Amino acid sequence: MRLLAFDTSTESLSVAVSDGARVLERSGPGGAQASTTLLPMVLDLLRQAGLGLAQLDAIAFGCGPGSFTGLRTACAVAQGLAFGTRAQRPEGVPLLPVDTLLAVADEARQMAGVTEVVAALDARMNEVYAGHYRFAEGHWLQDGDFDLLAPEALTVPDGWTLAGNAGAAYGGRLAGAPGLAVLPLATAMLRVAPQLLAAGLAVPAEQALPRYVRNKVAKTTAERLAEKAATP
């Protein structure tokens with residue numbers, strides 16, 4: 001399959017393109033820089049792969065959970081690219097929202113061969129995003145939905161592997177830390193894309209949305225002061 005994938009949900013930017021025979025990838029700083037570097041990086045990789053946007057079977061993007069700004073950036077760029085292909089393809093290239101925690105789980109499997117993964121990303125504000133994933137018969141299955149919880153509240157069942165960047169962020173506060181230090185890479189999104197496409201999860205550009213787990217971006221000044229006063 002000819003696929004483009006990118007993620008801007010963390011402090012790192014990750015982009016990858018598959019032309020069906022090979023995978024090209026690039027990475028760089030995320031955060032505020034992603035909004036200016038993502039599109040040039042995408043276009044450069046497509047050029048190297050000899051692909052035009054309209055030739056793609058799908059565009060995968062990290063839909064969340066993760067940084068609010070990063071999720072909006074990825075979704076907006078994906079929508080813009082897809083809308084831009086409608087001059088050549090009336091329906092446009094379909095978009096494939098990929099859960100960032102699923103990408104973490106698959107990167108852990110690629111790195112260490114693990115098949116039962118607690119994927120956990122730093123959600124800031126002394127919280128983590130977490131999801132439990134099992135890989136069986138060539139497919140990922142998710143146990144339950146995402147969680148947003150304090151590091152101490154996360155459980156890692158016996159025999160499961162913690163993966164993500166939450167272990168590095170919260171250390172001993174997190175069960176199973178440090179675990180595998182992995183991020184939701186675009187190459188992992190390429191690997192899981194066939195499963196998600198087969199499940200009918202691709203959408204037209206106007207239906208693509210980030211997946212927010214938290215409805216609040218930051219604590220208020222009063223909340224930060226109260227938290228500081230309660231700290232021994």
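A salt bridge is a side-chain nitrogen of Lys or Arg within 4 Å of a carboxyl oxygen of Asp or Glu. With that in hand, welcome to a predicted model that holds 15 salt bridges. The close-ups below begin with a helix and then turn to some of these pairs.

**Figure 1. Helix 1 from end to end.** Helix 1 runs over residues 34–49. Its 16 residues, at 1.5 Å a residue, should span 22 Å, and the end C-alpha atoms are indeed 22 Å apart, so the two values agree. Just after helix 1 comes G50, which takes a positive phi of about 70 degrees.

**Figure 2. The two sides of helix 1.** Which residues of helix 1 are buried? They are A34, L38, M41, V42, L45, L46 and A49. Because they cover an arc of only 130 degrees around the axis, they sit on the same side of helix 1. Look to the other side and you will find T36 and R47, which are exposed. A general point helps here: an α-helix has 3.6 residues a turn, so residues three or four places apart point the same way.

**Figure 3. What covers the buried residues of helix 1.** The cover includes three strands, namely strand 1 (3–7), strand 2 (12–18) and strand 3 (23–29). Helix 2 (68–84) is also part of this cover.

**Figure 4. A salt bridge within helix 1.** Here the side chains of R47 and D44 meet, N to O, at 2.6 Å. Both residues belong to helix 1 and lie three residues apart, about one turn of the helix. R47 has a relative accessibility of 58%, and because exposed means over 50%, R47 counts as exposed.

**Figure 5. R124 and D122.** In this view a salt bridge joins the side chains of R124 and D122, with 3.5 Å from N to O. How exposed are the partners, R124 and D122? R124 is exposed, with a relative accessible area of 54%, while D122 is partly exposed at 22% relative accessibility.

**Figure 6. A salt bridge between distant parts of the chain.** R211 pairs with D145, and their closest N and O atoms are 2.6 Å apart. The two residues are 66 residues apart along the chain: R211 is in the loop between helix 5 (186–198) and helix 6 (221–230), whereas D145 is in strand 8 (residues 139–149). R211 is partly exposed, with a relative accessible area of 29%, and D145 is partly exposed too, at 47%.

**Figure 7. A network of salt bridges.** D106, E107, R109 and R191 are joined into one network by salt bridges that share partners.

Key
Residues numbered from 1 in each chain as written. Predicted model: local features only at pLDDT ≥ 70, side-chain atom pairs only at ≥ 80, totals over all residues. Heavy atoms only, no water. Helix = DSSP H or I, 4+ residues; strand = E, 2+ residues; numbered from the N terminus. Expected span 1.5 Å × (residues − 1). Buried < 20%, exposed > 50% of the residue type's maximum accessible area, 1.4 Å probe, protein only. Arc of directions from axis to C-beta. Contact = heavy atoms within 4.5 Å.
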